[in-house]
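The following exercises concern pockets, strand pairing and burial in a single protein chain. Please work through each task with the structure at hand before reading its solution.

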Amino acid sequence: LYNHANVPALADNSVFCILAARDGSLWIGTEGGGLVHFKDGVFHPYTQTAGLSNGFVRSLLEDDQGRIWIGTDNGLFQLVHDQLQQVNTSPYASSLAVHAIVEDREHRVWAGGSALLVFDQAGVSTKRLPGRDSENRVKSIFETQDGTIWVGTVGGLNRLVKGTFRPIEQVKGTVRTLLQTSDGALWIGSIGHGLYRYANGHFSRWTSADLLPSSTVLSLFTDAQQQVWIGTQEG
């Protein structure tokens, strides 16, 4: 067990996200304690003194160039050659809350939270989501095997079709997590509305009335045996 009592670099015991980097090290995002790097048995903190202006780290990504992207409640950051830099998101967002970061097959980086931004060789652009602004806060982003971009928001799930995001009417509630299994099925974890599965053009759904201990699904994972693990609010 690693916590603040035996690892002072862990300023906060609440861990929100973990990234396993290609060099075998771990990047750990905490709720209030900033970013922590665990390599060769040593914990190294990145806090306000290192340039991280917000200690609530919600999402982490290592891109194809080896850059670490850090999404916080107030700003998007990059670690390049061990230097922490805030990413310029203007004119689209002066203060950006980032809850999801992914890199697609075209090596574009999608960052979503209080806005949905795309970074490519030309710079940064914004993507418009359907619905009211209060429903469009991004919680999850995923690219499926066919190259489709899916974005989960406070108001539901959206799919990018010919350059335009369209809402998926069958999915209700905040979409917290997305996963595709090897059979091509898309699994969708929601807050309060259970677990959805989209396969062959059809949706299935399970809630606490079925086998789930809770209708709030916070994480999804598939292991080497192709078993799907579902983390809910109640176990």
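**Exercise 1.** Describe the second largest pocket of this predicted model by its volume, its lining and the elements that contribute to the lining.

*Solution.* Begin with the volume: the second largest pocket holds about 300 Å³ of space. Next, consider the lining, which consists of 18 residues; Gln-65, Arg-67, His-107, Asp-120 and Gln-121 are those nearest the centre. Strands β8 (83-86) and β11 are the elements that give two or more residues to this lining. Finally, sort the lining residues by character: 4 are nonpolar, 7 polar and 7 charged.

**Exercise 2.** Carry out the corresponding analysis for the largest pocket.

*Solution.* The volume of the largest pocket is about 1000 Å³. Its lining comprises 30 residues, and Cys-17, Arg-58, Leu-60, Arg-176 and Thr-177 lie nearest the centre. Several strands each supply at least two lining residues, among them β1 (15-20), β5 (57-62), β9 and β13 (138-143). By character, the lining divides into 18 nonpolar, 8 polar and 4 charged residues.

**Exercise 3.** Establish the order of the strands in the open sheet that contains β9, and identify the strands at its edges.

*Solution.* First, trace the pairings. Strand β9 (residues 98-103) pairs with β10 (residues 109-113) in the antiparallel sense over 5 bridges. Strand β10 is in turn joined to β11 (residues 116-120) by 4 bridges, again antiparallel. Two bridge partners of Trp-110 mark this path: Val-102 and, in β11, Val-118. The order of the 4 strands is β9-β10-β11-β12, with antiparallel pairing. Strands β9 and β12 (123-126) each have a single partner strand and therefore stand at the edges, with one side of each lacking a neighbour in the sheet. Neighbouring strands of this sheet are turned by 20° against each other on average, direction ignored.

Then examine the connection and the cover. Strands β9 and β10 form a hairpin with 5 residues between them, and His-107 in the turn has a positive phi of about 65°. His-107 is also one of the residues nearest the centre of the second largest pocket. As for cover, 5 of the 6 residues of β9 are buried.

**Exercise 4.** Is Ser-215 buried or exposed, and which residues does Ser-215 contact beyond its neighbours within four places in sequence?

*Solution.* Locate Ser-215 first: this residue lies in the loop between β20 (202-206) and β21 (217-222). The relative accessible area of Ser-215 is 13%. Buried means under 20%, so Ser-215 is buried. Leaving aside neighbours within four places in sequence, the contacts of Ser-215 are Ser-190, Ile-191, Gly-192, His-193, Gly-194, Thr-207 and Ser-208.

How values were computed: Residues are numbered from 1 along each chain as its sequence is written. This is a predicted model: local features need pLDDT of at least 70, side-chain atom pairs count only at pLDDT 80 or more; totals for chains, interfaces and linings use all residues. Side-chain values use heavy atoms; hydrogens and water are left out. Buried means under 20% relative accessible area, exposed over 50%, partly exposed in between (1.4 Å probe, protein chains only). Two strands pair if DSSP finds at least two bridges between them. Contact means heavy atoms within 4.5 Å. Axes are lines fitted to C-alpha atoms, for helices over the stretch in contact, and angles run from 0 to 180 degrees between N-to-C directions. On a 1 Å grid over the protein atoms alone, a cavity is a set of points where a 1.4 Å probe fits but cannot get out, and a pocket is an open set with protein on both sides within 12 Å along at least five of seven lines; lining residues have an atom within 4 Å of a point. Grid points are joined across faces, edges and corners, and a volume is the space filled by probe spheres set on the points. Ala, Val, Leu, Ile, Met, Phe, Trp, Tyr, Cys and Pro count as nonpolar, Asp, Glu, Lys and Arg as charged, and the others, Gly among them, as polar.
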